[in-house]
Amino acid sequence: VAANALWPVAAIETEATRHFEMGQPEDWRTPEVVADATLELLSRDPDSFTGNAVYDEDVLREAGVDDFSEYAVVEGTEPGPNSALLFDPAFDPDADRR
C-alpha cells in the first residue's frame, strides 16, 4: 500500500471555490485534473512510489500530458497556480520538480 499526498496547482471548481469566492471560473480547473492525476498515482508501483507529496500537474506531465487546456473551466483560459501558492508562497510554476 502506498501513501502519497496530491495537491492541485490551480484551484479546482467545487462548491467550496464558489461559496468562498476563491477566484472566478477563469481561475479554475475541472475536477477531472485531480481524478486523472489520482488514477496515474494509483497505477504506480506502491513499493517504489510512496511517501511523496506531489502536484497534479507534475504527475500528469510525467505521464505525458503537456496540454492542460482540456481541464480549464472556461475554454481558452490558463488557470494560474493559485492553489499551489495558497500553501507554498514560493511555488515556482517553471521549476523542474521531477
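**Exercise 1.** Which residue's side chain meets that of Arg-18 in a salt bridge? Describe how accessible each partner is.

*Solution.* The model under study is predicted.
Step 1. The partner of Arg-18 is Glu-13, with an N to O separation of 2.2 Å.
Step 2. A salt bridge requires a side-chain nitrogen of Lys or Arg within 4 Å of a carboxyl oxygen of Asp or Glu, so the pair qualifies.
Step 3. Arg-18 has a relative accessible area of 41% and is therefore partly exposed. Glu-13, at 23%, is also partly exposed.

**Exercise 2.** Determine where the partners of the salt bridge between Glu-62 and Arg-44 lie, and classify each as buried or partly exposed.

*Solution.*
Step 1. The closest N and O atoms of Glu-62 and Arg-44 are 2.8 Å apart.
Step 2. Glu-62 belongs to helix 3, while Arg-44 sits in the loop between helix 2 (32-42) and strand 4 (53-55). With their positions 18 residues apart, the pair links distant parts of the chain.
Step 3. Buried means under 20% relative accessible area. Arg-44, at 18%, is therefore buried, whereas Glu-62, at 41%, is partly exposed.

**Exercise 3.** Examine the salt bridge between Arg-61 and Glu-57, and identify the network that contains both residues.

*Solution.*
Step 1. The two side chains meet at 3.0 Å, N to O.
Step 2. Both residues lie in helix 3, 4 residues apart, which is about one turn of the helix.
Step 3. Glu-57 is buried, with a relative accessible area of 8%; Arg-61 is partly exposed at 32%.
Step 4. Arg-29 joins Glu-57 and Arg-61 in a network of salt bridges. The structure as a whole holds 5 salt bridges.

**Exercise 4.** Which residues form the negative surface patch, and where does Asp-67 lie?

*Solution.*
Step 1. The patch consists of Glu-32, Asp-66, Asp-67, Glu-70 and Glu-78.
Step 2. Asp-67 is located in the loop between helix 3 (56-62) and helix 4 (82-87).
Step 3. Membership of a patch requires over 30% relative accessible area. Asp-67 meets this condition because its value is 44%, which makes it partly exposed.

**Exercise 5.** Characterise the overall fold and dimensions of the protein.

*Solution.*
Step 1. There are 4 helices and 4 strands, arranged along the sequence as β-β-α-β-α-β-α-α.
Step 2. The radius of gyration is 14 Å, close to the 13 Å that the globule rule gives for 98 residues, so the protein is as compact as a globular protein of that length.
Step 3. The C-alpha trace spans about 40 × 25 × 25 Å along its principal axes.
Step 4. Of the 98 residues, 31% are buried.

Conventions: Residues numbered from 1 in each chain as written. Predicted model: local features only at pLDDT ≥ 70, side-chain atom pairs only at ≥ 80, totals over all residues. Heavy atoms only, no water. Patch = residues over 30% accessible without salt bridge, like charges linked within 9 Å, V, L, I, M, F, W, Y side chains within 5 Å. Areas by Shrake-Rupley, 256 points an atom, 1.4 Å probe, with all protein chains shown as cover. Lys, Arg positive; Asp, Glu negative; His and termini not counted. Charge placed at Lys NZ, Arg CZ, Asp CG, Glu CD. Helix = DSSP H or I, 4+ residues; strand = E, 2+ residues; numbered from the N terminus. Buried < 20%, exposed > 50% of the residue type's maximum accessible area, 1.4 Å probe, protein only. Rg over C-alpha atoms; globule rule 2.2 N^0.38 Å.
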